[in-house]
Each structure stands twice: as structure tokens, then as C-alpha cells.
Amino acid sequence: MQAELDAPASLAKIRLTIIGFVSFTFFGYFTIGLALAILPVFIHQQLGYSAMVAGVIISLQYVTTFLFRGYAGNIVDKRGPKPAVILGMMGFVASGVLLFIAYMFREIPMLSLGILVITRLVTGFGEGLIGASPTNWAIFAVGDQHTGKAISMNGIASYGALALGAPLGVIINHSIGMGAIGILIVAVSLGGFFYAKSKRPYRGKRDAPRQSFLQVFKTIAPYGICLALGGLGFGTISTFITLYYASLNWSGAVLCLSVFSLLFILGRIFFENFIETYGGTKTAIICLALETAGLLIIWLANQPHVALIGAGITGLGFSLVFPALGVEAVKLVSGSNKGAALGGYGLFIDMSLGVTGPLVGGVASRFGMEYIFPFSMAMVFIGFVFAVVLNYRKTIMPED
């Protein structure tokens, strides 16, 4: 009886412990969100470059994110998550300084764009180091049995930060200017840096020999591919929703991104136990089906409020894709390789978001802005089919 009475208190303590670590994810993605909604418009309208160029510049972030995910995983497995988080925060500080400089040279478009290229690459460095490190830090602190909760709450931190950062960035940009956003990024990142310095370090279990990152990457790849296909829906909304709304002469593009993020967060809060109850692959199947339906609604919407409904359904659908598939991926490796596994798994969402800019921007330039959502819907549907196949294989070959 006493154990039953203590269970809610213990669960609350576990959640608070996890929050203490995934707050670093919030710091990092809040700085990313501040610039996310304003940079495409700044590049396209103020600097005078095309939508495809804007998409490529935004996506450059994911090049260095991709390159440094594995590096972060190795740091986590060898030295623990704390050094990786500290390095990530230093990267975000540098990105804020560079964003401010790019704004100061806005009257020289080519120079400003060149500085933004460096800015996005440095931002990607910060994201690569911060990506899975707080999740690992939380898992090391509360135990492997709470992996699903840690991954899920880390996602709430990241998309909650984007939901708050994107509209705040637009407000600051309109009232003060993009230079103030650079200063705010520096301030927030410095706060995260000093908070990380104060936290207790943890390291993972040494229960088996460490594998190379490439070996771990190959092991978790099937689940990562499914995640990458699902991520194209989010990438299309986050990168192109402002330009999509502008092409239709609609207002409220930032609200659309916020509705997506809000339903994403609510989905993780209220349906978190679905992964433990029904399993990762079955949960992913349901979520990818919902995401496909949401993108279909955005495509067919002839009014902004209908598009908001579609964005909400898309956010709800995408909410559990990452943790559901991530739980299944991490199960495939030993404790000595979990840092590399989460880092490698995160690479697939980086690749997804990285190709979204040039790929969807190319679709918009070649066929028209109205085709970006049917295209992303088709990609997410393929992810749904892939999840069905993974679940079938798991059913007939449970030992794999």
C-alpha cells in the first residue's frame, strides 16, 4: 500500500529530474525558434533572394547538425553529456553574435547573406551538440526504464521552445529589429551555459564494448528512415508556412506554427503512455496516419482557419513519432552505446529537415507554392507505409 501511495510522488520527482536536464534543450531550441520565422522573410524580402535560396540558407544549419551528432554521441559515451551541452551552448552564443552582425550589414545583401551562411552553420553546431545530450543526461539520472518519458519530455522542450521563440522573434523583429534577436540569443545561451556548469555530471553504464558510430547508425537506421519521412511535414510547416501564407495573401502564419507546436505538446502530454501500452511501432503508425491527414487538410484549405485545423492535426500526429520510434531504436543497442544511438537516431530528423529547404523550395520554384503540402503529405504517407512494414517485421521476427 505504501508503495502505491509513494508512486505518484516518485513519478513527480522523476518528471522534475527530467525537466531539470531537458531544460537545456529548451534553451537551445528557443534560440533557434527566435530566428526561424523571420530569416526566410529577411532573406527573401529584405535581401532580395529567391524562396529557394532562403530555404537553402535555413537548411544549412542541418549540415553541421548532421556532422556533429555523432561527435556529441561519442562525447556522451566517453565523458558524459555535460561537456557536450556546454559546448552546444557556446555554439548558440556565437550564432547570436553572428546574427547581429548579419543584420548590421543588411544594406550589403551579398555580405549579409554570407554571414548568415556562417550563422546557420554555427547554429547547426550548437544543435548537434545539444540534440540528444540532455536526453541522455536525463536517462542516466533516472534510469533506462524511463527512456520513453525522457525522449518525450525532451521533445516537449524543443517544440515548446520553437512555439514560444518563433512568435516572439516576429514580435521583436517588427518592434525593434533582427539585431535585438541576436542579442537575446546571446543572453539566453549564456544563461544555459552557466546553468549547465552548475549541474551534476552523469555517465552511462559500461555493460558492453563500445561499437563504432557507423555500426550503431546502421543498427538504428530502419527506424531513423521512418522518422525522416515523418519529419518532412514539420519541416515544410516550419520553413515555408510564412511564404505559403504570403502567397495566398493570408495573415496569421506564425499562429499556424504555434498551433502545430501547441497540439504537438498536448499530444506528448496526454498520450505519452501510448508508447508503453501499445508499443513504439504501432504508436508511430497511428501518428503518421494523423500527420498525413493534417497535411491533406492544409493542402485543401481555402481559408486560414481551416489550415489552422490541419496544422493542429499535423502537430498532434507528429507528436509521438520521434519518441515512439526512438524507444524501439535504443532497444537495439547496449548501455555503452546509447549516446551514439540517440545521436545517430537524431541525425535522421536533421537529414529530414536539412533536405526540406532545398527539396520543398525546389518544388515551390518549379511547380508553385501550392504544391508544397501535397508533396510533403506524400512523403509522410510513405513513412506511414514504412512503419507498417517495420511493425510487421517485428511481429513475425520478434527476436530481431
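How many helices and how many strands does the chain have? Colour by secondary structure and count: 17 helices, zero strands. Keep in mind that this is a predicted model.

**Stop 1: the whole chain**

Show the C-alpha trace. Its radius of gyration is 20 Å. The globule rule gives 21 Å for 400 residues, so the chain is as compact as a globular protein of that length. Turn the trace along its principal axes, and the spans are about 65 × 45 × 40 Å.

Now switch to contacts. Take pairs of residues at least 6 apart in sequence; 87% of their contacts join residues at least 24 apart. Colour by burial next. Of the 400 residues, 59% count as buried. Then draw the accessible surface. The total is about 15900 Å², and carbon and sulfur atoms own 69% of that.

**Stop 2: lysine 13**

Select helix 1, residues 2–36, and find lysine 13 there. Is lysine 13 buried or exposed? Its relative accessibility is 59%, so lysine 13 counts as exposed. Add valine 170 to the selection and draw a C-alpha to C-alpha distance. The two residues are 157 apart in sequence and 36 Å apart in space.

**Stop 3: the nonpolar patch**

Select Val97, Phe100, Ile101, Met104, Phe105, Ile108, Leu111 and Ile183. Show them as a surface. Together they form a nonpolar patch with about 660 Å² of accessible area.

Which helix gives the most to this patch? Highlight helix 5, residues 81–104: four of the patch residues come from there. Now pick Ile183, which sits in helix 9, residues 178–198. Isoleucine 183 has a relative accessible area of 53%, so this residue is exposed.

While helices are on screen, one piece of geometry is useful. An α-helix has 3.6 residues a turn, so residues three or four places apart point the same way.

**Stop 4: helix 15**

Go to residues 321–330, which make up helix 15. How many of its ten residues are buried? Ten of the ten are, so the helix is mostly covered, given that buried means under 20% relative accessible area. Step along the helix in the viewer. Among the buried residues are Val321, Phe322, Pro323, Gly326 and Glu328.

Stop at Glu328. Its relative accessible area is 4%, so glutamate 328 is buried. Now look for its partner.

**Stop 5: the salt bridge**

Select lysine 331 together with glutamate 328. They form a salt bridge, with the closest N and O atoms 3.8 Å apart. The cut-off for such a pair is 4 Å. A search of the whole structure finds one salt bridge. The two ends contrast in cover: lysine 331 counts as exposed at 58% relative accessibility, whereas glutamate 328 is buried at 4%.

**Stop 6: the cysteines**

Finish with the sulfur atoms. How many disulfides does a search of the whole structure find? Zero. Select cysteine 226 to see why. The closest cysteine sulfur belongs to cysteine 287, and at 11 Å it is too far for a bond. For scale, a disulfide needs sulfur atoms within 2.5 Å.

Move on to cysteine 256. Cysteine 256 is in no disulfide either; the nearest cysteine sulfur, again that of cysteine 287, is 19 Å away. Check cover as a last step. Cysteine 226 is buried, with a relative accessible area of 0%. Cysteine 256 is also buried, again with 0%.

How values were computed. Residues are numbered from 1 along each chain as its sequence is written. This is a predicted model: local features need pLDDT of at least 70, side-chain atom pairs count only at pLDDT 80 or more; totals for chains, interfaces and linings use all residues. Side-chain values use heavy atoms; hydrogens and water are left out. Patches are made of residues with over 30% relative accessible area and no salt bridge: like charges are joined within 9 Å, nonpolar side chains (Val, Leu, Ile, Met, Phe, Trp, Tyr) within 5 Å. Accessible areas come from the Shrake-Rupley method with a 1.4 Å probe; for residues, only the protein chains shown count as cover. A salt bridge is a side-chain nitrogen of Lys or Arg within 4 Å of a carboxyl oxygen of Asp or Glu. Helices (H or I, at least four residues) and strands (E, at least two) are DSSP runs, numbered from the N terminus. Buried means under 20% relative accessible area, exposed over 50%, partly exposed in between (1.4 Å probe, protein chains only). The radius of gyration is taken over C-alpha atoms; the globule rule is 2.2 Å times the number of residues to the power 0.38. Contact means heavy atoms within 4.5 Å.
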